[in-house]
Amino acid sequence: MKTFKDLEFIELKDPFHNGIESRIQFNNGYGANIVRHEFSYGNKEGLYEVAVLDDEGHLHYDNPVAKGNVIGYLTEEKVTEILKQIQEL
């Protein structure tokens, strides 16, 4: 199982999303995009936002983890919980 510690973040350099991002794909065809930037839910508190990705790396809202949205205000531990849920789909 992949956890927060397995993520490799890159610095976002565009003027609208100053922050960090990591993308990861899992063997089940799903993936996750983890961000912390000016407009992400929880950024001001130093927290993360996760979006579920499909097998082509596109946002995928129609799943039981995301429930139609991104998931914000996440600590590192909560990101790990979400990653585990995505891997179990």
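These are my notebook entries on some charged and aromatic side chains in this structure, which is a predicted model.

**Entry 1: E49**

I started with E49 and looked up where it sits. It belongs to strand β4, which covers residues 48-53. Is there a salt bridge for E49, or none? I found none, although E49 is buried. The nearest side chain of opposite charge is R23, and that is 10 Å away. A salt bridge needs the nitrogen and oxygen within 4 Å, so R23 doesn't qualify as a partner for E49.

Next I asked which backbone nitrogen lies 2.8 Å from a polar atom of the E49 side chain. That one belongs to Y41. I also listed the contacts of E49, skipping neighbours within four places in sequence. Among them are N33, I34 and V35, along with S40 and Y41. V70, I71 and G72 are on the list too.

**Entry 2: salt bridges**

A reminder to myself: side chains of opposite charge can pair when their charged atoms come close. How many salt bridges does a search of the whole structure find? The search gives two.

One of them joins R23, the residue from my E49 entry, to E21, with 3.7 Å from N to O. I checked how open the two ends are. R23 is partly exposed at 49% relative accessible area, whereas E21 is buried at 17%.

Then I looked at E81 and K78, which also make a salt bridge, their closest N and O atoms being 3.7 Å apart. Both residues lie in helix α1 (residues 76-87). They are three residues apart, about one turn of the helix. E81 is partly exposed, with 39% relative accessible area, and K78 counts as partly exposed as well, at 42%.

**Entry 3: aromatic rings**

I moved on to the rings and got a count of four aromatic pairs. One pair is F4 with F9: the ring centres are 5.6 Å apart and the planes are at 45 degrees, so I wrote it down as tilted. F4 counts as buried at 11% relative accessibility, while F9 is partly exposed at 27%.

F4 also pairs with Y48, this time edge-to-face, with 5.1 Å between centres and 65 degrees between planes. Where do F4 and Y48 lie? F4 is in the segment before β1 (10-12) and Y48 is in strand β4, so the pair ties together parts 44 residues apart in sequence. Both F4 and Y48 are buried.

My last note for the day is that ring pairs link F4, F9 and Y48 into a cluster.

Terms used: Residues numbered from 1 in each chain as written. Predicted model: local features only at pLDDT ≥ 70, side-chain atom pairs only at ≥ 80, totals over all residues. Heavy atoms only, no water. Helix = DSSP H or I, 4+ residues; strand = E, 2+ residues; numbered from the N terminus. Buried < 20%, exposed > 50% of the residue type's maximum accessible area, 1.4 Å probe, protein only. Lys, Arg positive; Asp, Glu negative; His and termini not counted. Polar contact = N/O pair within 3.5 Å; in protein donor to acceptor, adjacent residues only side chain to side chain. Contact = heavy atoms within 4.5 Å. Phe/Tyr/Trp six-rings, centres within 6.5 Å; stacked < 30°, edge-to-face > 60°.
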